[in-house]
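Here is a friendly walk through one structure, from a metal site to a few ring pairs and a helix. Please have the viewer open as you read.

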Amino acid sequence: MAKEQIIPSAEQRLNSGLRNLWYPVAASWAVAKAPVGLIRLGERVLLWRDAEGRVHAVDDRCPHRGARLSMGWNLGERVACWYHGVEVNGAGQMARVPALAKCGIEGRKFNHSYPVIEKAGAIFLWFGDRDVEPTPLVLPEEIDSEQWGQVLCTAHWNCNYRYAAENVMDPMHGAYLHAVSHSMAEGDKTATMQARATDHGFIFEKTNQTGVNFDWTEFGDTGTHWQRLSIPYRKSAGPGGSFSIVGMVVPVDETSCRVFFWRCRKVQGWQRDAWHFLYRARLERLHWDVLEQDRLILEGMKDDARDHEALYAHDAGLVRLRRLMQAEAKRQVEALTAKAEALA
Ligand code: FES
Ligand SMILES: [Fe+2]
């Protein structure tokens, strides 16, 4: 059964999360045998793996009386509710009512079932408006190619997801917020910035410096919204050239989000194994320190900070991202309105 959709304003749509996109909702390792209950884009979602390791995702709500299915049991193809044992399958159907023989509502679909793709060590769900089919999910090559090794790190931040995305569109903060860090202590503290279009989005970059600090950042929309940047590394950091970071963010609700950062290097074979080991042993903690600096700044900002800003030229990247997302929110709301009017 499709979800009832109440038509939001464009700002509400933007604030709670754009639809018709794939979002990473959890790292693969976070969903093992037990059912997992998450909140993403304000929706309660249940995830579980069947015996073949495939992930299923449906509303985390028992169709019987509304208990959270994630508190129940993983039966492989189905999950059983803890409250009265009702079983729901991956298609969102009430597959079995164990307490009543020949229950008349057995087999009916009450729960929304989310399309799922597992890639790059993460579980992606499609959050679509009614009747909008999932688009292909295309990921940046750094996280979708044998040539690259990556380590995924993910964290919960208590800020609206847009602040997390805008933070990555703002390379200049590297030279200040992260001035005391292992990778961003070098380079000019002033810059002129420019934006240029790409096939799937745009790049925002310093015109006076590249390859020294956090000097450019890219936004792309390929069925999911991603951001990409690279941080140069000293030669002593090992093979593979610059360190690339692919970032994504999923709204939890209107005031919190989960960020995903893949740290990537173009290394293969034994060098990749050595890099993974050394990354875990030597670098990961330093990267967490940098992420904590971002988290502290963003969590310290009020939800309505964007309504009281005095922006300057360095903010052109995040303004461009805002415009793009606002335009998409408007398109989505107009499409919902047109559909509702056609049905009326
Ligand atoms: S609420 Fe789930 S079985 Fe009754
Ligand atoms: Fe940062």
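## The iron site

In sequence, the donor residues of the iron ion (ligand 2) follow the spacing H-x4-H-x115-D. Those donors are His173 (NE2), His178 (NE2) and Asp294, which appears twice through OD atoms, and they coordinate the ion at 2.1 to 2.5 Å. A donor here is an N, O or S atom within 2.8 Å of the metal (3.2 Å for Na, K and Ca); water is not among the atoms, so sites may look incomplete.

The angles among the 4 donor atoms run from 55 to 149 degrees, and the site is irregular. For that label, four donors count as tetrahedral if all angles lie between 85 and 135 degrees; four count as square planar and six as octahedral if opposite donors are over 155 degrees apart and all others between 65 and 115; anything else is irregular. Both histidines are tucked away: His173 is buried at a relative accessible area of 11%, and His178 is buried at 2%. Buried means under 20% relative accessible area, exposed over 50%, and partly exposed in between (1.4 Å probe, protein chains only).

## How to read the numbers

This is a predicted model, in which local features need pLDDT of at least 70 and side-chain atom pairs count only at pLDDT 80 or more, while totals for chains, interfaces and linings use all residues. Residues are numbered from 1 along each chain as its sequence is written, chains are lettered from A and ligands numbered from 1 in the order in which they are written, and side-chain values use heavy atoms, with hydrogens and water left out.

## Asn89 and Arg54

Asn89 sits in strand 7 (residues 87-89) and is buried, with a relative accessible area of 15%. Helices (H or I, at least four residues) and strands (E, at least two) are DSSP runs, numbered from the N terminus. Beyond its neighbours within four places in sequence, Asn89 is in contact (heavy atoms within 4.5 Å) with Trp48, Val58, Glu77, Arg78 and Ala95. Its side chain also reaches the backbone nitrogen of Ala91 at 3.1 Å.

Arg54 belongs to the loop between strand 3 (43-49) and strand 4 (55-59), and at 46% relative accessibility Arg54 is partly exposed. Not counting residues up to four places away in sequence, Arg54 touches Trp48, Arg49 and Glu77. Arg54 and Glu118 are 64 residues apart in sequence, with 8.6 Å between their C-alpha atoms.

## Aromatic pairs

Rings of Phe, Tyr and Trp (its six-membered ring) pair if their centres lie within 6.5 Å; planes under 30 degrees apart count as stacked, over 60 as edge-to-face and the rest as tilted. The count comes to 9 aromatic pairs. For Phe202 and Phe219 the centres are 6.1 Å apart and the planes at 40 degrees, so the pair is tilted. This pair links strand 13 to strand 14, 17 residues apart, and both residues are buried.

Phe243 and Tyr279 have centres 6.0 Å apart and planes at 15 degrees, so they are stacked. Here Phe243 in strand 16 (residues 243-253) meets Tyr279 in helix 3 (residues 269-299), 36 residues apart. Phe243 and Tyr279 are both buried. Tyr23, Tyr114 and Phe127 form one aromatic cluster.

## Helix 4

How does the span of helix 4 (residues 316-343) agree with its 28 residues? At 1.5 Å a residue they should span 40 Å, and the end C-alpha atoms are 41 Å apart, which agrees. The expected span is 1.5 Å times one less than the number of residues.

Among the buried residues of helix 4 are Leu318, Leu321, Met325 and Leu336. What covers the buried residues includes helix 1 (10-16), helix 2 (161-168) and strand 15 (225-231).

Definitions and conventions: Polar contact = N/O pair within 3.5 Å; in protein donor to acceptor, adjacent residues only side chain to side chain.
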